[in-house]
Amino acid sequence: MKGIVKNMGVVDKVKNCPWIVVKIGDKEYCINTHYSVCMTEIKPNQQMVGPGQNQFIKGVYSIMGIQIPIIEGRKLVDSGSIDSIKIQISQELSDLRFKYDAWANELEWCFRTGDSFTDSLDADSNDLMQYIKSRSSDERIPLKARHLLDKMREPNKIIYTLTGKILTQKEGQFNFIEDKEYCKKILKEIRREVDRYILTALDNICKLLVEDVSVTVITIKCNNKVFGLLVDFVECVAAHTGEISLESQDKLSSGKVNIRGRMYSILDLTKISRLV
């Protein structure tokens, strides 16, 4: 009975307050502004003033002059830290860079040795294009990095078009046409395009990922504790448009609420506050 009365009391407190919808990993949750003190960012050069007390706490930071522990939201949903995601994607990009460079090297090798070129000449099916398609809407990658990825579509198409001009297919294999000087000229242009617009772009994206970026922190006051919650980003702030359900959906949820026609899980701040 006590639990029901307590939950109904919570509903009364929050029913007239807007909600903050946040993305954490691949999940969406909402936080009622009744418990939110402010939204801010941890800047790239901002130093910790103290270490975290457990694996869920990134560290203690000074937020608006108050020293508070910052909880890593991604670790709560088992998505790994933002740093671990950066390392994973940087490794993927490094592998992609190696494969594209090896493709261009193989092209020149075949020209100089007389070997047949066995790779596909379909610009839309190579590893780079497949990666761009799979990551174009990946919100774990900074928007600027996604733009750089997308801009590689055109030079990739140009490179494969140029390659098609100097190769002829015979018995299932690609061989260079007879005009060696023409082939040399085109090969040089291909190498320039690869280095300038593909490899350099992949290097720049890796640099973006390894640089520290500002991250969004929701400062929360709950159970007489003040702490920060690190989230991927804030989707919106809005009033609820339907009833609040107290039925939990997962270990971090204390119920669901209708916001703009969609049902969102309510983040269980009482449970999370026990980590501090």
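Two strands count as paired if DSSP finds at least two bridges between them. On that basis, this predicted model has an open sheet of 6 strands, running in the order E10-E1-E2-E13-E12-E11 with mixed pairing. At its edges sit strand E10 (233–238) and strand E11 (244–245), each of which pairs on one side only. E11 has strand E12 (residues 253–259) as its partner, and the two run antiparallel with 2 bridges between them. Zooming in on that pair, Ser245 stands opposite Lys256 in E12. As a general point, the strands of a sheet pair through backbone hydrogen bonds, in either a parallel or an antiparallel sense.

Now for the nonpolar packing. In soluble globular proteins, nonpolar side chains tend to be buried together. Here the largest nonpolar core has 40 residues, and the members touching the most other members are Leu93, Tyr100, Trp103, Met152, Phe176 and Ile190. Quite a few elements chip in: helix H3 (82–113), helix H4 (127–135), H5, helix H6 (153–166), strand E7 (173–176) and helix H7 (180–210) each supply at least two residues of this core. H7 gives the most, with 13 residues. Trp103 has a mixed bag of contacts once residues up to four places away in sequence are set aside: Phe117, Asp119, Ser120, Ile159, Tyr160, Thr163 and Ile190. Of these, Ile190 is also named among the core residues that touch the most other members. There is a second, separate core as well, made up of 20 residues, among them Tyr29, Ile218, Cys222 and Leu252.

Two individual residues round out the picture. Ser36 belongs to strand E3 (residues 36–42). Its relative accessibility is 17%, so Ser36 counts as buried, the cut-off being under 20%. Leaving out neighbours within four places in sequence, Ser36 is in contact with Ile20, Ile218 and Thr219. One of those partners, Ile218, is a member of the second core.

Leu148, for its part, lies in helix H5, which covers residues 143–150. Leu148 comes in at 23% relative accessibility and therefore counts as partly exposed. Apart from residues up to four places away in sequence, Leu148 touches Asn204, Ile205 and Leu208. As for its spacing from Ile132, the two residues are 16 positions apart in sequence, with a C-alpha to C-alpha distance of 9.9 Å.

How values were computed
Residues are numbered from 1 along each chain as its sequence is written. This is a predicted model: local features need pLDDT of at least 70, side-chain atom pairs count only at pLDDT 80 or more; totals for chains, interfaces and linings use all residues. Side-chain values use heavy atoms; hydrogens and water are left out. Helices (H or I, at least four residues) and strands (E, at least two) are DSSP runs, numbered from the N terminus. Buried means under 20% relative accessible area, exposed over 50%, partly exposed in between (1.4 Å probe, protein chains only). Contact means heavy atoms within 4.5 Å. A nonpolar core is a set of buried Ala, Val, Leu, Ile, Met, Phe, Trp, Tyr and Cys residues joined through side-chain atoms within 4.5 Å.
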